[in-house]
Amino acid sequence: MSFDLPQDAAAFVPHRKPMLLIDAITECSATSGAANATLTADNLFLDAQGALQASALLEMMAQTYAAVRGYFDTLQGKSVSAGYLVGMRQANIYTLPVVGDTLRIAVDITGAFDGFIVATGTVSHLETIYASGTLKLWIPR
């Protein structure tokens, strides 16, 4: 089974608008992937100045991991796994994106043990990195 990229992220995660913060999966492998998201004026996580709240950047990383994992599971003929963000480490917010920015969200798995996943993530636009961090996720069996 194969699907050409990009793919609509909604097909691989349980989130739906307005809580779905990413648009499409753009890259995928067994250990990494990326998604994109274009910030629109109807985003629930915008502040009064039109900038995205920092917590949404972290959620975008988690949703990207979930979408990439769901896409990879589907390619392998498996059902999409449920998963949970259980923590963040070394979360860095450098600056906040604004309406109109198209973001690239990348994740790389750095460790896995007994259903727990550790992945690094970044959110960027062109050459600007908005956020980075290490996600801790749990995928129940």
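The accessible surface of the protein chain, computed from a predicted model, comes to about 7,400 Å², and 55% of that area belongs to carbon and sulfur atoms. Of the 141 residues in the chain, 40% count as buried. With regard to charge, the chain carries 8 positive and 12 negative groups, and the mean positions of these two sets lie 11 Å apart.

The secondary structure comprises one helix and seven strands, which follow one another from the N terminus in the order β-β-β-α-β-β-β-β. The radius of gyration of the chain is 14 Å, close to the 14 Å given by the globule rule for 141 residues, so the chain is as compact as a globular protein of that length. Taken along the principal axes, the C-alpha atoms fill a box of roughly 45 × 30 × 25 Å. Among the contacts with a sequence separation of 6 or more, 61% are accounted for by residues 24 or more positions apart.

The largest nonpolar core consists of 35 residues, and those with the most contacts inside this core are Ile 22, Leu 52, Met 60 and Ile 105. Two or more residues are given to the core by each of strand E3 (32–38), helix H1 (54–75), strand E5 (102–113), strand E6 (116–125) and strand E7 (128–138). The largest share, 10 residues, comes from H1. The surroundings of Leu 52 can be described individually: when residues up to four places away in sequence are not counted, Leu 52 touches Leu 39, Asn 43, Phe 45, Leu 46, Leu 57, Met 60, Leu 96 and Pro 97. One of these partners, Met 60, is itself listed with Leu 52 among the core residues with the most contacts.

Backbone geometry was examined next, against the background that most residues other than glycine have a negative phi and most peptide bonds are trans. A cis peptide bond joins Leu 5 and Pro 6, with omega at about 5 degrees, and Pro 6 is placed in the segment before strand E1 (7–8). The peptide bond from Lys 17 to Pro 18 is also cis, with omega near 10 degrees, and Pro 18 lies in the loop between E1 and strand E2 (24–28).

Positive phi values are found at Gln 90, where phi is near 50 degrees, and at Leu 126, where phi is near 55 degrees; neither residue is a glycine. Gln 90 belongs to strand E4 (residues 84–93), whereas Leu 126 is found in the loop between E6 and E7. Gln 90 has a relative accessible area of 58% and is therefore classed as exposed, the cut-off for this class being over 50%. Leu 126, with a relative accessible area of 75%, is likewise exposed.

A further exposed residue is Phe 113, which is located in strand E5 and counts as exposed because its relative accessibility is 66%. The C-alpha atom of Phe 113 is separated by 17 Å from that of Ala 66, a residue 47 positions away along the chain. Strand E5, in which Phe 113 is placed, is also one of the elements that give two or more residues to the largest nonpolar core.

Key. Residues numbered from 1 in each chain as written. Predicted model: local features only at pLDDT ≥ 70, side-chain atom pairs only at ≥ 80, totals over all residues. Heavy atoms only, no water. Core = buried A, V, L, I, M, F, W, Y, C linked by side-chain atoms within 4.5 Å. Buried < 20%, exposed > 50% of the residue type's maximum accessible area, 1.4 Å probe, protein only. Helix = DSSP H or I, 4+ residues; strand = E, 2+ residues; numbered from the N terminus. Contact = heavy atoms within 4.5 Å. Rg over C-alpha atoms; globule rule 2.2 N^0.38 Å. Areas by Shrake-Rupley, 256 points an atom, 1.4 Å probe, with all protein chains shown as cover. Lys, Arg positive; Asp, Glu negative; His and termini not counted. Charge placed at Lys NZ, Arg CZ, Asp CG, Glu CD.
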